[in-house]
Each structure stands twice: as C-alpha cells, then as structure tokens.
Amino acid sequence: MFAVPLTEDAQLRPLEPWQAAEFLAHMDRAREYVDPWVPFASLSTDLESARAVLQRHADRRAADTGGIYGIWRGGVLVGGTLFVSLDARAGTGEVGCWLERSAEGHGLVTRAIRHMIDWAFHERGLHRVQWVNAAHNVRSAAVAQRLGMRLDGVLRSAFHYRGQRHDHQVWSVLADEWPPATTPAERGSTEPTPT
C-alpha cells in the first residue's frame with residue numbers, strides 16, 4: 001500500500017474496510033467533536049456500521065467516483081480526508097476532511113488535501129476541485145483559504161442535520177490556478193512508499 005508522508009510522524013494512507021475496528025475506535029474518540037461537521041461520525045457506532053461506512057467509500061473508490069483516506073499520527077488514526085465526489089469525465093471533484101481535536105494545529109489536513117488536489121489536477125486531469133463546509137465552521141473555511149481556494153458563494157439553508165437547517169459555503173480552485181509542482185516532495189510524491 002502507499003503512504004504519503006505529511007510530517008515526520010504523520011502520513012496519509014487509504015482507509016479500508018478491514019480497518020473498521022481502528023476506524024470505530026477513532027470515531028469513538030472524535031465523534032462529539034467531528035459529528036457536527038461530518039455526518040458519517042454518527043453512522044459509525046459499532047463495528048458493523050463502521051465497516052459499512054468504509055465499504056461504501058471503498059466501493060466508490062473502485063467505481064472511480066470517490067474515496068476515503070486516513071491520517072495516522074504516531075501510528076494512531078487521528079483523522080482523514082475524502083473525495084466526496086470525483087468525476088474524471090466531467091473534470092470535477094470535491095474534497096473533505098475531519099480530524100480529532102488532539103491532532104489539530106499541525107497542518108495535517110492542509111498537507112493531505114494539498115496532496116489530493118495536486119493528484120486530482122496533475123494525475124487525473126480534473127479541471128475543478130471544490131470544498132463545501134457549514135458556513136459557521138470557521139476552521140474548515142480557514143483550510144480552504146490556506147489552499148488558495150475562492151469562495152464561490154453560500155447555499156442558504158442547504159443542509160438539514162439534527163433538526164436544523166445549515167448554510168453551506170462552496171469554495172473551489174481551478175487547475176490553471178493551482179501552482180505547478182516541480183519536485184516529488186512539493187507534490188507530496190505520488191510514488192508508493194512501502195509501509
């Protein structure tokens with residue numbers, strides 16, 4: 001399997017259904033903090049449901065329409081990223097993330113998403129990658145800004161969750177706006193690294 005180094009002690013790797021127990025333990029630690037932003041946190045409450053969440057994403061990766069990846073820090077799963085959608089024919093995709101509170105402040109999500117966007121543009125030939133967050137999720141909006149995304153607009157009352165309607169911000173970056181990577185290290189290297 002491949003692993004993309006994010007820092008000296010952190011890496012991005014595929015998150016597979018066979019890792020459901022580790023994913024569930026992570027969700028149990030992170031659920032209260034992550035659930036307001038990432039609905040699958042509340043869907044992963046036991047081993048069977050955690051495996052089902054990961055299997056849905058594995059099926060989407062196999063169909064080339066999405067995928068889910070874990071962020072491990074010090075050998076512990078502390079968060080992840082995903083292609084919420086990926087449509088190579090249309091040239092569009094959407095990325096997202098989540099992270100335990102204990103792993104914040106180390107630039108892990110920004111580095112991981114930067115690698116995914118770089119891969120989407122340089123390897124898959126996508127034209128547009130978007131990021132959608134609840135309008136009141138300022139930490140998520142800050143990641144989009146750090147990645148050089150532009151705010152396309154706000155979808156008012158676009159998402160119903162836990163009895164409330166939420167506005168969504170939609171951010172995007174286009175391939176011709178994305179800085180070219182000149183070395184494998186700058187790209188986050190798409191070469192597999194043995195684990």
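# A tour from helix α3 to the cores and the pocket

Begin by selecting Arg61, which has its place in helix α3, and keep in mind throughout that the model on screen is a predicted one. Colour Arg61 as partly exposed, because its relative accessibility is 24% and that class lies between the 20% and 50% limits. Showing the surroundings of Arg61 brings up Pro14, Leu15 and Glu16 on one stretch of sequence and Gly66, Gly67, Ile68 and Tyr69 on another, these being its contacts once neighbours within four places in sequence are left aside.

Next, draw a distance from the C-alpha of Arg61 to that of Ala50; the two residues are 11 apart in sequence, and the line spans 17 Å in space.

Now move to Ser49, which lies in helix α3, the run of residues 47-62. Is Ser49 buried or exposed? Ser49 counts as buried because its relative accessibility is 16%, and the limit for that class is under 20%. With residues up to four places away in sequence not counted, Ser49 touches Leu43 and Ser44.

From here, turn to the nonpolar interior and select Ile71, Ile117, Val129, Trp131 and Met149, the residues with the most contacts inside the largest nonpolar core, a set of 31 residues. Add helix α4, residues 108-122, which gives the most to this core, with 8 residues. Then centre the view on Val129, whose contacts, not counting residues up to four places away in sequence, include Gly93, Val95, Ile117, Ala120 and Phe121 as well as Met149, Trp171, Ser172 and Val173. Apart from the largest core lies another, of 18 residues, and selecting Phe40, Leu54, Ile68 and Trp98 will show some of its members; Ile68 has already appeared on this tour, as one of the contacts of Arg61.

The next stop is the largest pocket, which has a volume of about 930 Å³. Which residues lie nearest its centre? They are Trp37, Val38, Cys97, Asn137 and Ser140, out of a lining of 41 residues. If you colour that lining by class, you will find 24 nonpolar, 12 polar and 5 charged residues.

To finish, select residues 10-176, which UniProt, in an unreviewed entry, lists as "domain: N-acetyltransferase". A line between the end C-alpha atoms of residues 10-176 covers 30 Å, and a view coloured by secondary structure shows the span to be 35% helix and 37% strand.

Notes: Residues are numbered from 1 along each chain as its sequence is written. This is a predicted model: local features need pLDDT of at least 70, side-chain atom pairs count only at pLDDT 80 or more; totals for chains, interfaces and linings use all residues. Side-chain values use heavy atoms; hydrogens and water are left out. A nonpolar core is a set of buried Ala, Val, Leu, Ile, Met, Phe, Trp, Tyr and Cys residues joined through side-chain atoms within 4.5 Å. Buried means under 20% relative accessible area, exposed over 50%, partly exposed in between (1.4 Å probe, protein chains only). Helices (H or I, at least four residues) and strands (E, at least two) are DSSP runs, numbered from the N terminus. Contact means heavy atoms within 4.5 Å. On a 1 Å grid over the protein atoms alone, a cavity is a set of points where a 1.4 Å probe fits but cannot get out, and a pocket is an open set with protein on both sides within 12 Å along at least five of seven lines; lining residues have an atom within 4 Å of a point. Grid points are joined across faces, edges and corners, and a volume is the space filled by probe spheres set on the points. Ala, Val, Leu, Ile, Met, Phe, Trp, Tyr, Cys and Pro count as nonpolar, Asp, Glu, Lys and Arg as charged, and the others, Gly among them, as polar. UniProt positions are given in the numbering used here, feature names are shortened, and annotations may be inferred rather than shown by experiment.
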